[in-house]
Every structure is written in structure tokens, then in C-alpha cells.
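Colleague: Could you walk me through reading strands and loops in a model? I am new to this.

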Amino acid sequence: MSVQNLNTFDPFADEGDVLGSTKDVGSQQNYIHIRIQQRNGRKTLTTLQGLPKEYDAKKLLKAFKKEFACNGTLVEDEEMGQVIQLQGDQRLKISNFLTEEGIPKATIKVHGF
């Protein structure tokens, strides 16, 4: 039995792009994500990310704050871009607001417990 044939095949060698054009299979770039985060006690924080570039995040944040009677801020993230944070659980309200503004319901993903 020869062990020399194991040296000819390297299973960890790069064989080019094995996935080919399926590189963006797990990509979440074209969705708007609405998430909820638990703070301390009963306090929660709602985040909105993935907003298309044609929407002004500052004006949208101002409209959210006025419509939902809550405070919020705009956070700049290096991975996610601009993220809108709102106090409280505003997931359904944000989803309804965005669909009324003309964003398709299929592009909005609501996460959380």
C-alpha cells in the first residue's frame, strides 16, 4: 500500500470559484430588516436597516418619531450602513408605515420574538 498518492490531491486547495455565480445565495442586501432587541427589564429597542438609498433616513426618522410618539436615533454602522433605532416595540408600526409609503411587503422582513 502506497501513501504517495495522497500528496497529489490537496482537498483544501483553491479550485477557483467553486460556487460560481451563486456567491450571493445568502445575501440579505435587497431586504429591509426590522429587528427588536431586549434592553434591561421590559425595555426594548427596534432597529431598521437595509433602507434603499432613495429614502432619506433623517426625514424618515423624524416621521417615525412624530407618528409613533417615541424617541429614536440614526446610527452609522460600517457593515450595515445607516441603522434607525427607535425606543419600544415598533415593528408592526414601521412595517405598516413603509407599506403605506409604497415599499412592497415582500421586501420587508420582521424579526424578533
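Modeller: Happily; we will look at one strand, its partners and one loop residue.

Modeller: This is a predicted model, where local features need pLDDT of at least 70, side-chain atom pairs count only at pLDDT 80 or more, and totals for chains, interfaces and linings use all residues. Residues are numbered from 1 along each chain as its sequence is written, and side-chain values use heavy atoms, leaving out hydrogens and water.

Colleague: How many residues of strand β2 are buried?

Modeller: Strands (E, at least two residues) and helices (H or I, at least four) are DSSP runs numbered from the N terminus. Buried means under 20% relative accessible area, exposed over 50%, and partly exposed in between, with a 1.4 Å probe and protein chains only. In β2 (residues 44-49), 6 of 6 residues are buried. One side carries T44, T46 and L48, and the other L45, T47 and Q49.

Colleague: Which strands does β2 pair with?

Modeller: Two strands pair if DSSP finds at least two bridges between them. Strand β1 (residues 32-38) runs antiparallel to β2, joined by 6 bridges; I34 is the bridge partner of L48 there. Strand β4 (residues 81-87) is also antiparallel to β2, over 4 bridges, with Q85 partnering T47.

Colleague: What links β1 and β2?

Modeller: They form a hairpin with 5 residues between them, and G41 in the turn has a positive phi of about 70°.

Colleague: Where is A69 found, and why does A69 count as exposed?

Modeller: A69 is in the loop between α1 (57-68) and β3 (72-77). A69 counts as exposed because its relative accessibility is 72%. Its phi is near 55°, a positive value in a residue other than glycine.
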